Amino acid sequence: MEIRKLLEIGRKKLQEKKNENPMQKARTLLSFVLNQSKEELIMHDLEEVEIQKENVYREYLEKLADGFPIQYIIGNQEFMGLDFYVNENVLIPQPDTEVLVEEVMNLAEQREKVKILDIGTGSGCIAISLAKNIKNSEIYAIDISENALEVAKINAKKQKVEKQITFVHSNLFENLEENNFDFIVSNPPYIRTKLIDTLSNEVKAEPILALDGGEDGLKYYQEIVKESALYLKENGRLCFEIGYDQKKQVEDLINDSKIYKEIYSKKDFAGQDRIIIARKG
């Protein structure tokens, strides 16, 4: 079948299942299966696709239509202008998290040397983006999932920053021997447990361990705030990504600790509260 006809089949199927951006996803999928750029698909849209590849495309199309993330199929997601390998062991990096990375970059700009802890590194997108953009940084990236750490290590090598990053298998601070960090950065699980079942199929395909923030969504914020002061230098910064409706709750947690000052938040590209920064002191 011709490329253009396969694309139209894909668009219709995804549209029927109410997938967002159906033509874009169909084109991305066929581009991956044929190992051609999207521009090449347009230029050669009358070319016949061999039956074996057509069958692979249709098979993946069924998974996409059922809500399986295209990023897991193609094994890639862009973040901070970098390509990250992803699979079902890690969350798919989202543009909102770039706000957190950019703020840490801004805060670290005036420092000669920076030591950063990334809690719950997942794909490594935060740690690796910081390593790429803060040349004088030493970064520790921890995760409770060994499978996630393997993905992060692949990405660190891919981006040539593996020498800047130490990966540690740890449940929060449990196995961490280092302290005296300038920054502790985290995008922890923050979805309320009872809301997990209401999420889209695409989100539910991601690891529940990285989504479920406990009954009130604050479980990991509480634990990190409680222990973080032992690992931060004086005037060090605690930097969180938060859910769009969690600003007051997380700020209250930080205030109640009596450890942090100069607490402020910033919004994401959609105008939702997305990050909270606090200074130890």
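Which residues does the UniProt annotation "domain: Methyltransferase small" cover? According to that unreviewed entry, residues 97–193. Before you start clicking, keep in mind that this is a predicted model.

**Stop 1: the annotated stretch**

Select residues 97–193 and color by secondary structure. Over this range the chain is 35% helix and 25% strand. Put a distance label on the C-alpha atoms at its two ends and you should get 21 Å.

**Stop 2: the sheet**

Now show the strands as cartoon and hide the rest. You're looking at an open sheet of seven strands, in the order E5-E4-E3-E6-E7-E9-E8, with mixed pairing. Strand E5 (165–169) and strand E8 (260–267) stand at the edges; each has a single partner strand, so one side of each is left without a neighbour in the sheet. Turn the view to look along the sheet: the twist averages 15 degrees from one strand to the next.

**Stop 3: a helix across the sheet**

Bring back helix H7, residues 125–133. What does H7 lie across? The list is strand E3 (114–119), strand E4 (137–143), E5 and strand E6 (181–186). Relative to E4, the helix runs at about 175 degrees.

**Stop 4: E7 and its partners**

Select strand E7, residues 232–241. This strand is mostly covered, with seven of its ten residues buried. Look to E6 for one of its pairings: E6 and E7 run parallel and are joined by five bridges. To find the register, pick Phe181, which stands opposite Leu232 in E7.

Then look to E9. Here the pairing with E7 is antiparallel, again over five bridges. Glu241 is a handy marker for this one, since it stands opposite Ile275 in E9.

**Stop 5: E9 and the E8 edge**

Stay on strand E9, residues 273–280. Is it buried or exposed? Eight of the eight residues of E9 are buried, so the strand is largely enclosed by the rest of the structure.

Six bridges join E9 to E8, and the two strands run antiparallel. Two pairs worth labeling are Lys266 with Ile275, and Lys261 with its bridge partner Arg279. Ile275 therefore turns up twice on this tour, facing Glu241 and also Lys266; the E9 strand it sits in is largely enclosed, so expect to clip the view to see it.

Next, follow the chain through the hairpin of E8 and E9, which has five residues between the strands. Stop at Gly271 and check the backbone torsions: it takes a positive phi near 85 degrees.

**Stop 6: salt bridges**

Time to switch on side chains. Side chains of opposite charge can pair when their charged atoms come close. How many salt bridges does a search of the whole structure find? The count is 17, and here are a few to visit.

- **Arg279 and Glu262.** You're already at the right spot: these side chains meet at 3.1 Å, N to O. The pair links distant parts of the chain, with Arg279 in strand E9 and Glu262 in strand E8, 17 residues apart. Arg279 is buried, with a relative accessible area of 15%, whereas Glu262 is partly exposed at 45%.
- **Asp96, Asp268 and Arg274.** Select these three together to see a network of salt bridges linking them.
- **Glu8 and Arg11.** Jump to helix H1, residues 3–16. The closest N and O atoms of this pair are 2.5 Å apart. The two residues sit three apart in H1, so they are separated by about one helical turn. Glu8 is partly exposed, with a relative accessible area of 27%.
- **Lys17 and Asp66.** This salt bridge has an N to O distance of 3.5 Å. It links distant parts of the chain, 49 residues apart: Lys17 is in the loop between H1 and helix H2 (22–34), and Asp66 is in the loop between helix H4 (51–65) and helix H5 (70–74). Lys17 counts as partly exposed at 45% relative accessibility, and Asp66 counts as partly exposed at 48%.

Technical notes
Residues are numbered from 1 along each chain as its sequence is written. This is a predicted model: local features need pLDDT of at least 70, side-chain atom pairs count only at pLDDT 80 or more; totals for chains, interfaces and linings use all residues. Side-chain values use heavy atoms; hydrogens and water are left out. UniProt positions are given in the numbering used here, feature names are shortened, and annotations may be inferred rather than shown by experiment. Helices (H or I, at least four residues) and strands (E, at least two) are DSSP runs, numbered from the N terminus. Two strands pair if DSSP finds at least two bridges between them. Axes are lines fitted to C-alpha atoms, for helices over the stretch in contact, and angles run from 0 to 180 degrees between N-to-C directions. Contact means heavy atoms within 4.5 Å. Buried means under 20% relative accessible area, exposed over 50%, partly exposed in between (1.4 Å probe, protein chains only). A salt bridge is a side-chain nitrogen of Lys or Arg within 4 Å of a carboxyl oxygen of Asp or Glu.
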